[in-house]
Amino acid sequence: MRVGLARLAAALLALVALPLQAEETPPGALPFVAASPGAGERLVLAHYFPPFPIQIGERGASGDYYERHYLRPEGENGKFARGGGYLRQRPLLPPGGLADATAGFRLDVARAARIGIDGFGVDLLDLDGRHWRTTLALLDAARDAAPAFRIGPQPDMSALKDVTPARLAEALLVFARHPAALRLPDGRLLVMPFAAERVSGTFWQELASRMRSAGAPIALVPNFVNARTMDAYAGQSWAAALWGDRGSGAGPTQTRFAEQARAAGYPRWLATLAPQDFRPKDLMAWEADGSTGLASAFTAAMTGKAAGLHLVTWNDYSEASELAPSSATRFAWYDLTAWYIAHFKRGRPPAIVRDGMIVLHRRQLFNPVDIARGAAWQLRGRDAVSNRIDVRLFLTAPASVSVTTGGIKSVRSVPAGFQRWQVPARPGAVRVQLTRAGKVLADCTSPHVIAAHPDRHDPLYAGFSSLRGCN
């Protein structure tokens, strides 16, 4: 009787996240029909980073831990002051905040499921501490809030430096026994270790043997940071993935990896897609050129016939690669990724059912060597800094789009379909207008003004969308 009541209580609590998510993204919010979790043969996973749940701690008069510390240069006793603070944005809180941490995990799951993500690959940073408790909470949240959504283990071999196959198997068996665990159609638990090359192929063979003996066979997907030794893992792997490049040239990096994986004997590969990457704590950034990097990697996934997409990341705010709804990017990356997920799962672009636009731009003209904004940053990768307004358009018919930035207006005629236009950014307000035959289809002024004299480095591509009332 107690078990039955507990399940009923869990089911009722699960309903809290679902209406909220449906309110955020009702059926008409997107100009196409989004994919569903569990639909189709192609797998879409989002890397979940446990240190950054939607809310950290209680919200007081000055907010939660994000507001009081992570977003402020003086936060945590100035630990990250040299980089202007630890983060540049935070997860988007629902109106009124969250009842508790459990509600936050359910909302993360519901948000991801809403755009067709099949599951989270959780970064296992520890096997018995607070991050492990987050992992267990996510498993329960998936079970309760989105029955088709799954949670898969991604052992972090940078963090689990001294773990043994026996200890890791013990943790993975917890997954294997949970109804929300990510499994292949043949029942195997999907295990996708980050930096798999940090340990030998023998390590993974022993792990697989232990899991088999326990009645929980695994499908190994080594996720390489450095793929030079990838040949050593091919014979025992279901697929391979590369953490990859975050710059605008991410696609060619993924294409080369796909070719290497096939040559090494891997039966399939998963393509990695990331919105952007910069790290205030390390004073470094990669140039994504708006949505160029994401689009480039998606093209590589389609042309290279990837078996799945690995979205890196759902919520790693310390590397700014998050696509979850957030305070400055809002739903821009989230909605744009929904388009790519639907395209990938169906094998063709979704039909556009209404007109709209998603706009990405920085809140400053990023200049990594300008010491007036603090210590100089290092630009990594092969791409030069590119400060542009990036407009993604969903058009049922040809239209005209105008972009006004810094008081200068540019106009272009654009054909029907999923289109893109970029305009050089200038300090000041940003306004984007979409018209057809003299009728205004959308007219948005960005909530983000491009600062003329910023007080700290901020490479973040923030966003807004006409699909959500210019928000």
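This passage walks through aromatic contacts, strand pairing and helix packing in a predicted model.

A good place to begin is with the aromatic rings. A pair of aromatic rings is described by the distance of the centres and the angle of the planes. Across the whole structure, a search finds 27 aromatic pairs. One of these joins Y66 and Y70, whose ring centres lie 5.9 Å apart and whose planes stand at 75° to each other. The pair counts as edge-to-face because the angle between the planes, 75°, is over 60 degrees. Both tyrosines belong to helix 2, which covers residues 65–70, and because they are 4 residues apart in that helix, about one helical turn separates them. Y66 has a relative accessible area of 0% and is therefore buried. Y70 is buried as well, with a value of 14%, which falls under the 20% limit for burial.

A second edge-to-face pair is made by F366 and W377, with 6.1 Å from centre to centre and 80° between the planes. Here the contact links distant parts of the chain, 11 residues apart: F366 and W377 are both found in the loop between strand 12 (356–362) and strand 13 (378–380). Neither ring is left in the open, since F366 is buried at a relative accessible area of 4% and W377 is buried at 6%.

Aromatic residues also gather in a group. F49, F52, Y65, Y66, Y70, F80, Y86 and Y317 form one aromatic cluster, so the tyrosines Y66 and Y70 of helix 2 reappear here as members of that cluster. Charged side chains meet aromatic rings too. R42 lies over the face of F344, at 4.6 Å from the ring centre. In another such contact, R468 places its charged end over the ring of F331, at a distance of 3.9 Å from the centre.

The strands come next, starting with strand 1, which spans residues 43–48. This strand is mostly covered, with 6 of its 6 residues buried. In a regular strand the side chains alternate between the two faces of the sheet. In strand 1, L43, L45 and H47 point one way, while V44, A46 and Y48 point the other way, and all are buried. What does strand 1 pair with, and in which sense? It runs parallel to strand 11 (residues 308–311), to which 4 bridges join it, and V44 has L309 as its bridge partner in that strand. Strand 1 is also joined by 4 bridges to strand 2 (residues 119–124), again in a parallel arrangement. There, L45 finds its bridge partner in G119.

Elsewhere, 3 strands form an open sheet in the order 9-10-13, with mixed pairing. Strand 9 (277–279) and strand 13 are the edge strands, each pairing on one side only. On average, neighbouring strands of this sheet are turned by 20° against each other, direction ignored. Strand 9 and strand 10 (residues 284–286) run antiparallel and are joined by 3 bridges. Within this pairing, R279 stands opposite M284 of strand 10.

Another open sheet holds 4 strands in the order 16-15-18-19, and its pairing is antiparallel. Its edges are strand 16 (408–414) and strand 19 (439–445), each of which pairs on one side only. Neighbouring strands in this sheet are turned by 15° against each other on average, direction ignored. Strand 18 (residues 430–436) pairs with strand 19 over 6 bridges in the antiparallel sense. R431 stands opposite T445 in strand 19.

The helices complete the picture. Helix 5 (residues 130–145) packs with helix 6 (residues 165–176) at an angle of about 20°, and their axes are 11 Å apart. That angle makes helix 5 roughly parallel to helix 6, because angles under 35 degrees count as roughly parallel. The two helices, 5 and 6, cross in a right-handed way.

Further along, helix 8 (residues 250–264) contains A258. Is A258 buried or exposed? Its relative accessibility is 2%, so A258 counts as buried. A258 and W269 are 11 residues apart in sequence, and their C-alpha atoms are 6.4 Å apart in space.

Technical notes: Residues are numbered from 1 along each chain as its sequence is written. This is a predicted model: local features need pLDDT of at least 70, side-chain atom pairs count only at pLDDT 80 or more; totals for chains, interfaces and linings use all residues. Side-chain values use heavy atoms; hydrogens and water are left out. Rings of Phe, Tyr and Trp (its six-membered ring) pair if their centres lie within 6.5 Å; planes under 30 degrees apart count as stacked, over 60 as edge-to-face and the rest as tilted. Buried means under 20% relative accessible area, exposed over 50%, partly exposed in between (1.4 Å probe, protein chains only). A charge sits over a ring if NZ of Lys or CZ of Arg is within 6 Å of the ring centre and within 35 degrees of the ring normal. Two strands pair if DSSP finds at least two bridges between them. Axes are lines fitted to C-alpha atoms, for helices over the stretch in contact, and angles run from 0 to 180 degrees between N-to-C directions. Angles under 35 degrees count as roughly parallel, over 145 as roughly antiparallel, 65 to 115 as roughly perpendicular and the rest as oblique. A crossing is left-handed if the near helix is turned anticlockwise from the far one by less than a right angle, and right-handed if clockwise.
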